[in-house]
Every structure is written in C-alpha cells, then in structure tokens.
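User: I'm new to reading protein structures and would love a close look at one part of this one. Could you walk me through it in plain words?

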Amino acid sequence: MDEKHDLEYFLVATPGLEAPLLAEAVEKGFAGAKRVPGGITCHGDWPEVWRANLSLRGVNKVLVRIASFPAVHLAQLDKRARKVPWSDFLRPDIPVKVEATSRKSRIYHAGAARQRIETAISETLGAPISTEAGLRVLLRIEKDICTLSIDTSGEPLHKRGHKPAVAKAPMRETMAAMFLRECGFDGSEPVLDPMCGSGTFVIEAAEMAMGLNPGRSRHFAFEDLRGFDAQRWAEMRDGSPQAQIDAVFVGSDRNAGAIEAAKANAEHAGVAANTRFFCRSVSDIKPPPGQAGLVIVNPPYGARIGDEKRLRSLYGSFGKVLLSRFTGWRVGIVTSSQSLARATRLPLLPAGPIVDHGGTKIRLYRTDPLP
C-alpha cells in the first residue's frame with residue numbers, strides 16, 4: 001500500500017442516517033467528506049481508511065474505490081479488468097470473494113460479470129477465489145460504468161467485537177450511536193434507557209463519553225491487504241487515551257435476562273464502571289441523582305394488528321412518568337409508529353427522517369427539555 005496514495009473511499013450509511021454520519025466524519029477530520037446517495041465519500045491515504053474503520057461509530061462499511069471505467073459488453077469488461085493493478089491492493093496468498101451488481105446497463109448479467117472479475121484476479125495476480133473468503137471485491141455496474149471497490153471492513157461495523165450477549169430485535173450499535181448524536185448527546189450528560197434490552201444505547205453512550213474507539217476489539221479485512229503496516233496500525237489502535245469520566249449511564253428493563261446480558265456486555269466493552277443496570281418496570285423509573293440529561297428508548301412497536309392498542313397504554317404510561325418526574329430531561333423515542341409516539345403526550349419536535357431498521361421503517365421522535 002503506497003502511503004501517498006490519495007484514495008477515494010466510501011462510508012456506507014444506514015439509509016436515513018447519512019446526515020449524522022457526515023457530521024461525525026467532519027467532526028473527526030476526514031478529508032473531503034461529502035454526502036452522496038448511500039453514504040459519504042472521503043479522500044485520504046491508507047491510514048485514514050484504517051482510522052475510519054476504527055473510530056467512526058455510524059458507518060456500516062468502508063469501501064475503497066480501486067478502479068472505474070465504462071464497459072458495454074463482457075469482452076470489454078474482461079479486457080479492462082485485467083488492466084486493474086490488482087497487485088497494488090491484493091495479496092496473491094489471500095483468498096478473495098467477488099460480488100457484482102448491475103443496474104440500467106448493457107451488461108445486465110451480474111453473475112457473468114462477476115466471473116470476468118474473478119478470472120482477471122486469479123489469472124493476473126494468482127489469488128485464490130473463494131465464496132468463503134473474508135476479503136471482498138465489489139463490482140458495481142451502473143449506466144455502463146463499472147466501479148471496483150474493496151470492502152476494507154470485513155464483518156459489518158455494527159459488530160463491535162466486544163459484545164457477546166444480544167437480546168431479541170436489538171438496535172444495531174451503528175444506529176444507536178447516530179440516534180444518540182441526533183439527540184444532541186456529546187458525552188457530557190447522563191443517559192437513561194428504561195427499556196434497555198441488552199444495553200446498546202447505554203453502552204454506546206458510555207463509550208462515546210470515554211472516547212473509546214468502536215473498532216478497538218476486532219479484526220478488519222484491510223489487515224489482509226498488500227503492504228499493510230501492522231506496527232503502525234497497532235500504534236493507532238492502542239494509542240488513543242481513554243477519558244476518565246464521572247458520568248454514569250443507566251439502563252433498566254423489566255426482563256431480568258436482558259439485564260444480565262446488558263451487564264455482561266458492559267463488562268466486555270470495558271465500561272462497567274460507568275454503567276448501571278436495574279431490573280425494573282417503566283412505571284418505577286426515576287432520574288439518577290445529579291444533572292438532567294437524555295432519556296433514550298427503543299420501545300416495542302407492534303408488527304401485528306391488535307398490538308398497537310396494548311402498546312398505546314405502555315407508551316401512554318411511559319409519557320406520564322417522564323412528564324411527572326423528568327423535568328429538564330430531553331427524550332428520544334425510536335419507533336415505527338407516529339401514533340404510538342404521540343400516545344406519550346410528550347411535546348414532540350418534528351420527527352426525524354425514516355430509517356430502515358432491517359426492513360422496518362423507524363423514526364426518531366425527540367423533545368426539548370421537559371417542563
């Protein structure tokens with residue numbers, strides 16, 4: 001990997017959360033960060049690509065663009081794919097998986113296009129092709145323009161690598177971090193999640209406050225690329241000091257199993273000293289001592305008809321508790337139903353953009369500090 005390489009790389013966003021990801025990339029100093037459909041483009045050298053994987057909380061994948069060219073038939077694709085300097089990026093001893101998509105293009109058969117790229121890689125570089133490989137080369141053909149990228153992340157980045165226990169229908173860490181950001185959370189105030197499940201919001205908030213990098217515990221695909229500098233990477237990964245903070249981040253849930261999972265996750269993430277988890281129902285929550293902060297919650301939203309009536313009373317009693325006990329606190333509610341959000345009777349601000357949560361359309365409903 002040439003140090004001076006000015007690479008174009010792409011930060012893949014969760015649909016609907018492009019804006020907070022752009023804000024995060026700008027805040028963390030990624031050069032030329034610009035919003036485009038599906039995410040954010042940036043420019044930089046390889047260590048910046050590593051840093052994006054290590055430090056950005058809202059990104060799902062980091063893709064590096066390695067070539068772009070027009071091709072209108074497979075023979076042309078074949079010829080141009082062989083001219084790509086594969087050996088600048090890939091190692092002949094590391095297996096590669098190729099994936100292809102095609103839209104509005106004369107090369108419409110993605111499978112045939114994929115085979116051409118596989119052949120080009122195996123014949124010019126000698127790297128083995130395997131559907132099991134952890135390193136992926138992506139071909140996107142759009143309006144006859146072929147773009148080749150390498151997925152430098154490997155496993156999706158919401159898999160932080162230090163959370164073994166997951167409750168059902170969990171909020172992805174990447175989404176939780178961006179919703180916290182959208183609520184104006186900057187790490188300096190307490191956070192309470194009264195339906196915390198396995199603790200995702202609480203643990204992300206604690207990590208943000210402590211300045212911990214989300215990718216500190218895991219392996220990335222870029223470690224298998226040519227010219228990877230393991231020593232420099234280790235210095236980057238281990239070099240950020242952790243802030244000593246007094247704030248405590250609190251989660252509660254009426255499900256004892258969820259609370260056990262949350263405690264185990266906080267322990268593994270190294271934030272147990274700054275998190276507290278309690279088994280209690282929503283009607284029993286009260287503000288932790290000290291300054292007001294943020295209540296953030298991803299309550300159940302009914303998938304089946306008939307659920308909504310039962311849930312409406314849950315949201316209603318949740319809203320009542322907040323209005324009677326949480327003066328000065330802001331609230332963030334992530335749900336799929338505007339009528340459920342309104343059932344809280346909280347003074348809601350205009351809803352955030354629609355976000356795709358595994359096929360369910362959800363939105364963030366926020367308040368200013370409660371009266």
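Which residues have the most contacts inside the largest nonpolar core? Please start there and show me what is built around them.

Analyst: Happy to. Keep in mind that this is a predicted model. The residues with the most contacts inside the largest nonpolar core are Leu11, Trp86, Leu90 and Phe179, and that core has 107 residues. Helix 6, residues 200-210, gives the most to this core, with seven residues. As background, nonpolar side chains in soluble globular proteins tend to be buried together.

Let's take Leu90 and see what it touches. Skipping residues up to four places away in sequence, Leu90 touches Val96, Ile121, Leu125, Leu135, Val137, Ile150, Leu225 and Arg226. Some of those numbers fall in pieces we can now place. Helix 4 covers residues 110-124, strand 6 covers 136-142 and strand 7 covers 145-151. Helix 4 lies across strand 5, strand 6 and strand 7, and runs at about 140 degrees to strand 5.

Those strands belong to an open sheet of seven, in the order 2-3-1-4-7-6-5, with mixed pairing. Strand 2 (34-36) and strand 5 (97-103) each have a single partner strand, so one side of each is left without a neighbour in the sheet. Ignoring direction, neighbouring strands here are turned by 30 degrees against each other on average. At the strand 2 end, three bridges join strand 2 to strand 3 (residues 39-44), and the two run antiparallel. In that pair, Arg35 stands opposite Ile40 in strand 3.

Now for the loop between strand 6 and strand 7, which is where Lys143 lies. Lys143 isn't a glycine, yet its phi is positive, about 50 degrees. Is Lys143 buried or exposed? Lys143 counts as exposed because its relative accessibility is 56%, and the cut-off for exposed is over 50%.

This sheet also helps line a pocket. The second largest pocket has a volume of about 630 Å³. It is lined by 21 residues, and the closest to its centre are Phe10, Leu63, Arg140, Thr147 and Ser149. Strand 1 (7-12), strand 4 (61-70), strand 5, strand 6 and strand 7 each give two or more residues to the lining. Strand 6 supplies the largest share, five residues.

Next, back to the core list and to Phe179, one of the residues with the most contacts there. Phe179 is among the buried residues of helix 5, along with Glu173, Thr174, Met175, Ala176, Ala177, Met178 and Leu180. Helix 5 is mostly covered, with eight of its ten residues buried. What is doing the covering? The cover includes helix 1 (18-27), helix 6, strand 11, strand 12, strand 13 and strand 14. Just past the helix comes Gly184, whose phi is positive, near 80 degrees.

Helix 5 (residues 173-182) lies across strand 11 (294-297), strand 12, strand 13 and strand 14, and runs at about 30 degrees to strand 14. Those strands sit in another open sheet of seven, ordered 10-9-8-11-12-14-13, with mixed pairing. Strand 10 (275-279) and strand 13 are the edge strands, each pairing on one side only. Neighbouring strands in this sheet are turned by 20 degrees against each other on average, direction ignored. Within the sheet, strand 12 (residues 330-335) and strand 14 (residues 360-366) pair antiparallel over four bridges, and Val334 stands opposite Leu364 in strand 14. Helix 9 (residues 307-325) also has a place here: it lies across strand 11 and strand 12, at about 170 degrees to strand 12.

For a last stop, try strand 13 itself (residues 355-357), where you'll find His357. His357 is buried because its relative accessible area is 14%, and buried means under 20%. Leaving aside neighbours within four places in sequence, His357 is in contact with Pro170, Met171, Arg172, Met175, Tyr301 and Ile362. The Met175 contact is a nice one to look at: the two residues are 182 apart along the chain, with their C-alpha atoms separated by 8.5 Å. Met175 is also one of the buried residues of helix 5.

Compare that with Arg345, which lies in the loop between helix 10 (338-342) and strand 13. Arg345 is exposed, with a relative accessible area of 71%. Arg345 isn't a glycine either, but has a positive phi of about 60 degrees.

Notes
Residues numbered from 1 in each chain as written. Predicted model: local features only at pLDDT ≥ 70, side-chain atom pairs only at ≥ 80, totals over all residues. Heavy atoms only, no water. Pairing = 2+ DSSP bridges. Axes fitted to C-alpha atoms, helices over the stretch in contact; angles between N-to-C directions. Contact = heavy atoms within 4.5 Å. Core = buried A, V, L, I, M, F, W, Y, C linked by side-chain atoms within 4.5 Å. Buried < 20%, exposed > 50% of the residue type's maximum accessible area, 1.4 Å probe, protein only. 1 Å grid on protein atoms, 1.4 Å probe; cavity = no way out; pocket = protein on both sides within 12 Å on 5 of 7 lines; lining within 4 Å. Points joined across faces, edges and corners; volume = space filled by probe spheres on them.
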